[in-house]
Amino acid sequence: MTFTELKPEITNITSDVTSTVDEKLLRICELLEKHIEYYNWVGFYFKNGDKHELKLGPYVGEPTDHTIIPFGKGICGQVAVSNQNFVVPDVEAQDNYIACSITVKAEIVIPITVNGENFGQIDIDSNTANPFTEADERFLEFVCKKVSKLLG
């Protein structure tokens, strides 16, 4: 499926009144991982209360030990501080990268804001080198905007 075809699917998931927020987030992860060939790990991290750390939310892919990430550490931790998209075409060239799996070659992290404040992010790992384009960023910004409405 193309990003254009996936957008109404995302809208349908986020509009579902019978599912919990976590169920909706998991369905988004499953949808993206299934239909975008180079999205090999898809998950959400959210600010952990008043702590300066992120806590792993729903995800699909290989299990990870990184269930808590301090602000500033790794790509996710950097996005929590900068509130800016972060695309890593080659994780081996990134000093502050936290290795999740030896198969991961690239990562993209897009922040989720609620009322202008960073609330979390979507994190996607790819086993393909340099797969992410501006189209991925715009699509994932759309996803994050829909998710922010679930949380806000």
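## A well-connected asparagine

Leaving aside residues up to four places away in sequence, N118 touches K47, V79, A80, N83, P111, I112 and T113. Please keep in mind that this is a predicted model. N118 itself sits in strand β6, which covers residues 117-126.

How buried or exposed is N118? Its relative accessible area is 13%, and because the cut-off for a buried residue is under 20%, N118 counts as buried. Its side chain also has polar partners. One is the backbone oxygen of V79, which the side chain of N118 reaches at 3.4 Å. Another is the backbone nitrogen of G120, found 3.1 Å from a polar atom of the N118 side chain.

## Strand β1 and its two neighbours

Let's turn to strand β1, made up of residues 41-47. Six of its seven residues are buried, so the strand is mostly covered.

Which strands does β1 pair with? One is β6, the strand that holds N118: β1 and β6 run antiparallel and are joined by six bridges. Within this pairing, V42 has I124 of β6 as its bridge partner. The other is β2 (residues 53-60), also antiparallel to β1, with five bridges between the two. Here G43 stands opposite Y59 of β2.

β1 and β2 also make up a hairpin, with five residues separating the strands. If you like to check backbone torsions, have a look at G49 in the turn, where phi is positive at about 60°.

## Helix α1 and its buried side

Now for a helix. α1 runs over residues 3-15, a total of 13 residues. Does its length come out long, short or as expected? At 1.5 Å a residue the helix should span 18 Å, and the C-alpha atoms at its ends are indeed 18 Å apart, so the two values agree.

Which residues of α1 are buried? They are F3, L6, I10, I13 and T14. These residues lie on the same side of α1, because they cover an arc of only 90° around the axis. What do they pack against? The buried residues of α1 meet two other helices, α2 (21-35) and α4 (134-151).

The opposite face tells the other half of the story. Turned away from the buried side of α1, this face carries T4 and N12, both of them exposed.

Terms used: Residues numbered from 1 in each chain as written. Predicted model: local features only at pLDDT ≥ 70, side-chain atom pairs only at ≥ 80, totals over all residues. Heavy atoms only, no water. Helix = DSSP H or I, 4+ residues; strand = E, 2+ residues; numbered from the N terminus. Expected span 1.5 Å × (residues − 1). Buried < 20%, exposed > 50% of the residue type's maximum accessible area, 1.4 Å probe, protein only. Arc of directions from axis to C-beta. Contact = heavy atoms within 4.5 Å. Polar contact = N/O pair within 3.5 Å; in protein donor to acceptor, adjacent residues only side chain to side chain. Pairing = 2+ DSSP bridges.
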